[in-house]
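User: Could you pick one part of this model and take me through it closely? I'd also like to hear how that part sits in the rest of the protein, in one connected go.

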Amino acid sequence: MTIAYLQPDTLSLALRGSVQKQNLLDFDREAFEAWFAEMGEKSFRATQLIKWIHQFGVTDFQQMNNLPKILRQSLEQNATVENLQVASDALSADGTRKWLLQLADGNVIETVFIPEESRGTLCISSQAGCALDCSFCATGRQGFNRNLTTGEIISQLWLASQLLDKDSKPGRKITNVVMMGMGEPLLNFDNVVRAMRIMMDDFAYGLSKRRVTVSTAGVVPAMDRLADMLDMRLAVSLHATNDELRNKLVPLNKKYPLKELFQACHRFVDKQKARYRITFEYVLLDGVNDKPEHARELVRLLKGLPALLNLIPFNPFEGSGYKTSSAKAIKCFSEQLHKAGITTVIRKTRGEDIDAACGQLAGKIHDKSRRSRRFEKPRFGMKQ
Ligand code: SAH
């Protein structure tokens, strides 16, 4: 059997190890079928493997008792199901759980499970670090190392499913996935799309398309590509209502300014069969983007777009230079939006005591961007 199907990321990792085995977590259905076809195997083997690995959590090929012995042997020699290592497992007083997961190259990423009464949401990372450098985000401060492979992305769901399964408490099941952990998912496009296909595969995790959300700071060309390829929910991290301010908070805005971003949002909704509302995320920063004039600008921007607004109280971290908006400012801001007919939710902060809240995910990244050095001293005196 020849192993010809290797993703570039996987290839470099595999070459570093002594044995070059294919990590089957990198495969979505299409990749499995292509791989089995190359081996002269029938395509239904793809379903069998997907079920064993993702539905039953089995990683030992010998236990896959509906596969012929010879195929099991061949898989054992040439393939593996390689998950990330759990470096730590923390449980918050509110039930939020955060795992630090170590990659084979020593980088550490974070995955967070948020249980609620009617659902359980897993927040997944797409990159080791983040290249976008949003000024209010702890992940951005860590700098950037690399994209995660499909296997490293889906392993977060695999591990969380297994670990939560052991936990017998009710309401611990993963019903939703949000690509809102570390990194910008649309800058790791192919691996993220492949991972989302596995999440939505009926024989793997069977998540419906309205329960899988990809969040972006606004990588416009990738939003168009995504809309053509896959139905799922989109969240856009907005945080500012004019280009001048957004350039400071989300530097990606200099490349794709608000006008282009909103045109892309309209195209996205038009192209999608499901036509779900886009969720706009807006972190409220005291005195920066939480004034009545910002709320007015926001109403203008969202006009005519099927939208849902998520107001996120800023989660402070050391040296950020920002403060959380007052409860009164948050209430006034949300009321202004409500009055204009926009569905607005003030997001509850979860898992703060274990640093698992939005923007607090930092992991341990070998920073290749050298950005983290800039932040060795707190950034006081930052203009707001
Ligand atoms: N890069 C993608 C995915 C990350 S999502 C994106 O930007 O959408 C992480 C979410 O948490 C984003 O909406 C981000 O803006 C928000 N966030 C980042 N830092 C935060 C902080 N300190 N407090 C509250 N929310 C924060």
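**A close look at the strand pairing**

Analyst: Let's start with a single pair of residues: Val-236 has Phe-280 as its bridge partner in S12. Keep in mind that this is a predicted model. Zooming out a little, that bridge belongs to the pairing of strand S11 (residues 233–237) with strand S12 (residues 278–284). S11 and S12 pair in the parallel sense, over three bridges. As general background, strands of a sheet pair through backbone hydrogen bonds, and they can do so either parallel or antiparallel.

Now for the sheet around that pair. S11 and S12 sit next to each other in an open sheet of 10 strands, whose order reads S3-S4-S5-S6-S9-S10-S11-S12-S13-S14. The parallel sense of the S11 and S12 pair is just part of the story, as the sheet's pairing is mixed. At the edges you'll find strand S3 (85–91) and strand S14 (343–346), each of which pairs on one side only. If you ignore direction, neighbouring strands in this sheet are turned against each other by 20 degrees on average.

Step from S11 to its neighbour S10 in that order, and you can pick up a helix. Helix H7 (residues 189–200) lies across strand S9 (176–179) and strand S10 (212–216), and runs at about 160 degrees to S10.

So much for the sheet; where does it sit in the protein? The domain assignment gives domain 1 (8–80) and domain 2 (85–376), and the residue ranges of S11 and S12 fall in domain 2. The C-alpha centres of the two domains lie 31 Å apart. Their contact takes 14 residues from domain 1 and 17 residues from domain 2. On the domain 1 side, helix H1 (8–16) and helix H3 (44–55) are the elements that give two or more residues. H3 gives the most, with five residues. By type, the domain 1 side of the contact divides into three nonpolar, six polar and five charged residues.

Last, the whole protein: it has 13 helices and 14 strands. The C-alpha trace spans about 70 × 45 × 45 Å along its principal axes. The radius of gyration is 21 Å, which agrees with the value near 21 Å for a compact globule of 384 residues. Of those 384 residues, 45% count as buried. And among contacts with a separation of 6 or more, residues 24 or more positions apart account for 69%.

Technical notes: Residues are numbered from 1 along each chain as its sequence is written. This is a predicted model: local features need pLDDT of at least 70, side-chain atom pairs count only at pLDDT 80 or more; totals for chains, interfaces and linings use all residues. Two strands pair if DSSP finds at least two bridges between them. Helices (H or I, at least four residues) and strands (E, at least two) are DSSP runs, numbered from the N terminus. Axes are lines fitted to C-alpha atoms, for helices over the stretch in contact, and angles run from 0 to 180 degrees between N-to-C directions. Two residues are in contact if their C-beta atoms, placed from the backbone, lie within 7 Å. Domain bounds come from an automatic or database domain assignment. Ala, Val, Leu, Ile, Met, Phe, Trp, Tyr, Cys and Pro count as nonpolar, Asp, Glu, Lys and Arg as charged, and the others, Gly among them, as polar. The radius of gyration is taken over C-alpha atoms; the globule rule is 2.2 Å times the number of residues to the power 0.38. A residue is buried if 20 or more other C-beta atoms lie within 10 Å of its own, exposed if 12 or fewer, and partly exposed in between; C-beta atoms are placed from the backbone.
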